[in-house]
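The following exercises are to be worked with the sequence and the coordinates at hand. Each task is followed by a solution in steps.

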Amino acid sequence: MGKQPVKLKAVVYALSPFQQKIMTGLWKDLPEKIHHKVSENWISATLLVTPVFGTYWYAQHFQEQEKLEHRF
């Protein structure tokens with residue numbers, strides 16, 4: 001008794017050219033999803049944005065003070 005070959009069936013997925021609702025799940029309740037993400041992660045977002053904004057503000061302020069330094 002030897003091994004007998006087994007034929008495998010392949011499943012092929014295709015979209016109908018007449019199907020228009022392929023990605024509707026992505027846009028469904030989008031404002032609610034955004035609100036949920038922001039309300040869950042506001043601490044992380046604050047901890048990320050604050051140092052970036054602070055560094056940018058410091059650099060702009062320092063540059064402005066450097067420009068005005070020669071006036072006095």
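**Exercise 1. Salt bridges**

Determine how many salt bridges the model contains, and which side chains take part.

Solution. The model is a predicted one. A pair qualifies if a side-chain nitrogen of Lys or Arg lies within 4 Å of a carboxyl oxygen of Asp or Glu. By this rule the count comes to one salt bridge. The partners are Glu64 and Lys67, with an N to O distance of 3.6 Å. Next, consider their positions in the sequence: because Glu64 and Lys67 are three residues apart in helix 3, about one helical turn separates them. Finally, Glu64 has a relative accessible area of 37% and is therefore partly exposed.

**Exercise 2. Overall form**

State the order of the secondary structure elements, and decide whether the protein chain is a compact globule or more spread out.

Solution. Begin with the elements: the protein chain has three helices and zero strands, and from the N terminus on the order is α-α-α. For 72 residues the globule rule gives 11 Å, whereas the radius of gyration of the protein chain is 29 Å, well over that value, so the chain is more spread out than a compact globule. Along the principal axes, the C-alpha atoms fill a box of roughly 100 × 40 × 30 Å. Turn then to burial: with under 20% relative accessible area as the criterion, buried residues make up 0% of the 72 residues. The accessible surface of the protein chain comes to about 8100 Å², and carbon and sulfur atoms contribute 65% of it.

**Exercise 3. Charges and a nonpolar patch**

Find how far apart the centres of the positive and negative side chains lie, and list the residues of the nonpolar surface patch.

Solution. The protein chain carries 9 positive and 6 negative side chains, and the centres of these two sets lie 27 Å apart. The nonpolar patch has an area of about 970 Å² and is made by Leu48, Val49, Val52, Phe53, Tyr56, Trp57, Tyr58 and Phe62. One of these residues, Leu48, lies in helix 3 (residues 42-68). Leu48 counts as exposed because its relative accessibility is 58%, and the cut-off is over 50%.

**Exercise 4. A backbone angle**

Give the sign of phi at Asp29 and locate this residue.

Solution. Most residues other than glycine have a negative phi. Asp29, although not a glycine, has a positive phi of about 55 degrees. Asp29 is placed in the loop between helix 1 (24-27) and helix 2 (30-40). With 45% relative accessibility, Asp29 counts as partly exposed.

Notes. Residues numbered from 1 in each chain as written. Predicted model: local features only at pLDDT ≥ 70, side-chain atom pairs only at ≥ 80, totals over all residues. Heavy atoms only, no water. Helix = DSSP H or I, 4+ residues; strand = E, 2+ residues; numbered from the N terminus. Rg over C-alpha atoms; globule rule 2.2 N^0.38 Å. Buried < 20%, exposed > 50% of the residue type's maximum accessible area, 1.4 Å probe, protein only. Areas by Shrake-Rupley, 256 points an atom, 1.4 Å probe, with all protein chains shown as cover. Lys, Arg positive; Asp, Glu negative; His and termini not counted. Charge placed at Lys NZ, Arg CZ, Asp CG, Glu CD. Patch = residues over 30% accessible without salt bridge, like charges linked within 9 Å, V, L, I, M, F, W, Y side chains within 5 Å.
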